[in-house]
Protein chains: 2
Amino acid sequence: MSAGYWLGVDLGGTKILSGLFDDELKLLARSKQPTSAEGGPSGVFARVVQGVEAVIKEANVAPEQIRGMGIGIPGQIEVGTTKVKFAPNLDWRDVDLKPLMPAAWRWPLVVENDVRMGTYGEFAHGAARGARNVLGVFVGTGVGGGLIINGDLFAGFNGNAGEIGHLVVHWRRGSELESIAGRKYMMKRAKEILDDAPKRVRKEWKGIDLAAVRSSQLAEFYQKDDPVAVQLVDDAARALGAAIGGVVNFLNPEVIVIGGGVTGALGDTFIERIWEIAQRYTLPGAATGIRCVPAALGDDSGIVGCAAYAKAHPPLKAADVA
Amino acid sequence: MSAGYWLGVDLGGTKILSGLFDDELKLLARSKQPTSAEGGPSGVFARVVQGVEAVIKEANVAPEQIRGMGIGIPGQIEVGTTKVKFAPNLDWRDVDLKPLMPAAWRWPLVVENDVRMGTYGEFAHGAARGARNVLGVFVGTGVGGGLIINGDLFAGFNGNAGEIGHLVVHWRRGSELESIAGRKYMMKRAKEILDDAPKRVRKEWKGIDLAAVRSSQLAEFYQKDDPVAVQLVDDAARALGAAIGGVVNFLNPEVIVIGGGVTGALGDTFIERIWEIAQRYTLPGAATGIRCVPAALGDDSGIVGCAAYAKAHPPLKAADVA
C-alpha cells in the first residue's frame, strides 16, 4: 500500500484555509477561500469543496490516495460526531457536515473545534512537539484554548474543555479572562479609558473605529508607548499571567503554547512577560521544567492540527467494531 | 489463589487513619493514632506500624494475604515513587517511606498526596463512582483538590495537579481561591472584619482564639446569622462558585465532589449554593448533565482512596518489565 495523504481544513468566520499533507504531515499545497457565511452551510461548504479541489489539483494527488480529512470549526461540536452544535461566527446551529460531503469524497471525516485543532497542530508538529500534556492559549478577538492530556486531545464531558478564556479571574466582579485579554473586550475598555484620557492621548485615537482595530494596529500603539494601549496590554499580560499561573498549579501541563493574532502582533516579549507574571503565582516546584512558548505554526496551526488529528483518529469502521 | 486484602493509611498533620479492606474494598477494620510529627519520620512511621498492626489483628487477616498498601501524605510526592518531596505540616523534606517499612511487610507500597487520594476514594467508591472525569475539592484549613482524568488520577508534569486552591480568582490583587475559602485565611479576614464591627458583634466573638476556630464553630456562628460568619461564608461560596464555574468551562469534568471539614460543617446547602453560583459563569451547554455533589465517604475518603489506588496501580515487578 502506498503512503496516504491527509486534508486539513480550518473553517473560520472570515476565511477558509485548506491544506494537503503527506503521510509525514508535510504541507504539499495550501489554499484560501472567503467563508462568506451569509451563504449558509451549503454555500460555505461549496467553498470548502473549491479549496480542497484546488490543493488536490496543485499537489497532483489521486483522490483515492487521500486517507482522511479534518475540519476545524469556530464553535461547539458534538463529541465524536461530525455535528456542529453551535457556531456563532458562522450563525450555525445543529449542522451536520457529513451529508454536505460530495459523493466522490470517500475518505473519513473528523470535525472538531478550530482552537482545539490549533492546539493539536502545535502538539503534533509545532512548538509543543514531544510533550504529553499541553495547554494551548490563543489570544485574538476572544481568548480560546485547547488541552492535550496524556498525549491526546481532551474533550471534557460536554466537549468544551480548553476554554481558558472562561476561567474566572475576578470572583467579585465575575470577570472571565477573555473579558480582559480578548481584543474585542480590550477595545470596549479602550473606549472607557479614552473618555477619561487627556486631550493629547484622545487625539492619537481620533477617527479610529475601535471595534475594527486590528492586532497589528494595537501593537503599533503599544510600541510607541501610547498610554491607552500600554494599559490594555499590561492588563492583558497580568490577567493571562494570573490565569496561566493558576493553571500550572491546577492542571500542571508540561508545555504552554501561546498563539493568536494579538500575541503574534505583540511578539515574543509579550509571552515572556506573561510567563514571568505566571510564575509569581506558582507553588514551589510546580513550574519547574515547564515551558511557555510562542506557537510555531502561525496561521497553519489549524490545518496541520486537522490533518494530524484525522491521521491519529481514524473513525471506526463497521468491520473494526464487529 | 485466595482473595487479597488492601491497606489504606491517611497520614495527616494531627492524626493517622489506617484501614484494612477486602478485595471489594469493603472496610474490615479501622484504627486511629496521633501523628506526633515532632518525632520525625521514623517516629511517625512507628505509629503507622501500630495502626496497621492493629487493623490486621482486628480483622484477623494473615499478613501474606495483604496484596498492597497506599499511604496518603499532606505534601508533594515525587511522581511514581515512594518519596515525599515536601510536607510542611509534618515538617518533612525528601523523605522516602519505602526504607521505613518493617522487613516483615512484604507487600507493595504506593505513596500519594492525601487530598488526591481522597478524590480517588470518592471516584472509586464514593460520590463520583462511575464517572471518568472528576474534580475533587476539599475545603478545610486550606483548599485542596484532585483530578481524575480518563478514569485515572492525573498527576501533571511535576506531580501537583489538582491544586484548585491555587487557581487565581482575583488577577489584580493576586488572590488565590484558598486565600478566600480556606478556614485559615477566613479567620485572618475575620480579624479584619471584627476590627471594624459594631460592639454587639465583637461581643459575640470575645475571648475566641480566631486561629483555633473549628469548622463546627464557624458553622454555628453562621447558622445564627452572625454577620462576620455570614460574610466569610458568603465570600467563600462566591469564590468557590467562580472557580468551579471556570473549571467547568476549562476542564469540563463530569462530576465535582466537594468535601472537607468546612463543607461538612456547613452542610449540603452550602454545596448547592456553590453550584448555583458556578452555573452563573458556565458557557451555554457546558454544565449540562454535570453533577456537583457532597463527598460521601467523610473521614474515610483518604483510606478508601489509598487502598483502591494501591489495588488499581500495582507497582511493576522486574519480571513485568523484562
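# Reading strands, a helix and a two-fold pair

User: I see that B:G19 stands opposite B:R30 in β3(B). Which strand is joined to β3 of chain B, and by how many bridges?

Analyst: In a regular strand the side chains alternate between the two faces of the sheet. Here β2 (residues 15–21) and β3 (residues 27–34) of chain B run antiparallel, joined by seven bridges; strands count as paired if DSSP finds at least two bridges between them. They make a hairpin with five residues between them, and B:L25 in that turn has a positive phi of about 65°. Helices (H or I, at least four residues) and strands (E, at least two) are DSSP runs, numbered from the N terminus.

A word on the model: it is predicted, so local features need pLDDT of at least 70 and side-chain atom pairs pLDDT 80 or more, while totals for chains, interfaces and linings use all residues. Residues count from 1 along each chain as written, chains are lettered from A and ligands numbered from 1 in the order written, and side-chain values use heavy atoms, without hydrogens and water.

User: Is helix α2 of chain A mostly covered or mostly open?

Analyst: Mostly covered: ten of its twelve residues are buried, meaning under 20% relative accessible area (1.4 Å probe, protein chains only). Among them are A:M117, A:Y120, A:G121 and A:F123. The helix, residues 114–125, spans 16 Å from first C-alpha to last, close to the 16 Å expected at 1.5 Å a residue. At its start, a side-chain oxygen of A:N113 comes within 2.9 Å of the backbone nitrogen of A:V115.

User: Which residues does A:L297 contact, beyond its neighbours within four places in sequence?

Analyst: A:G121, A:E122, A:H125, A:G126 and A:V304, where contact means heavy atoms within 4.5 Å. A:L297 sits in the loop between β15 (291–294) and α10 (301–312) of chain A. Its C-alpha is 7.8 Å from that of A:G121, although 176 residues separate the two in sequence.

User: What turn and shift lay chain B on chain A?

Analyst: Two copies of a chain are related by a rotation about an axis and a shift along it. Here a turn of 180° with a shift of 0.0 Å along the axis gives an RMSD of 0.0 Å, which is the relation of a two-fold axis. The same surface serves both copies, as 100% of the contact residues of chain B recur in chain A.

User: What area is buried between chain B and chain A?

Analyst: About 4300 Å², with carbon and sulfur atoms giving 59%; this is the accessible area (1.4 Å probe) lost on being put together, summed over both parts. In chain B, B:F157, B:W171 and B:F250 lose the most area to chain A, together 22% of what that side buries. Each chain brings 49 residues to the contact.

Methods
Expected span 1.5 Å × (residues − 1). Buried < 20%, exposed > 50% of the residue type's maximum accessible area, 1.4 Å probe, protein only. Polar contact = N/O pair within 3.5 Å; in protein donor to acceptor, adjacent residues only side chain to side chain. Least-squares fit on C-alpha atoms with pLDDT ≥ 70 in both. Buried area = accessible area lost by both parts, 1.4 Å probe.
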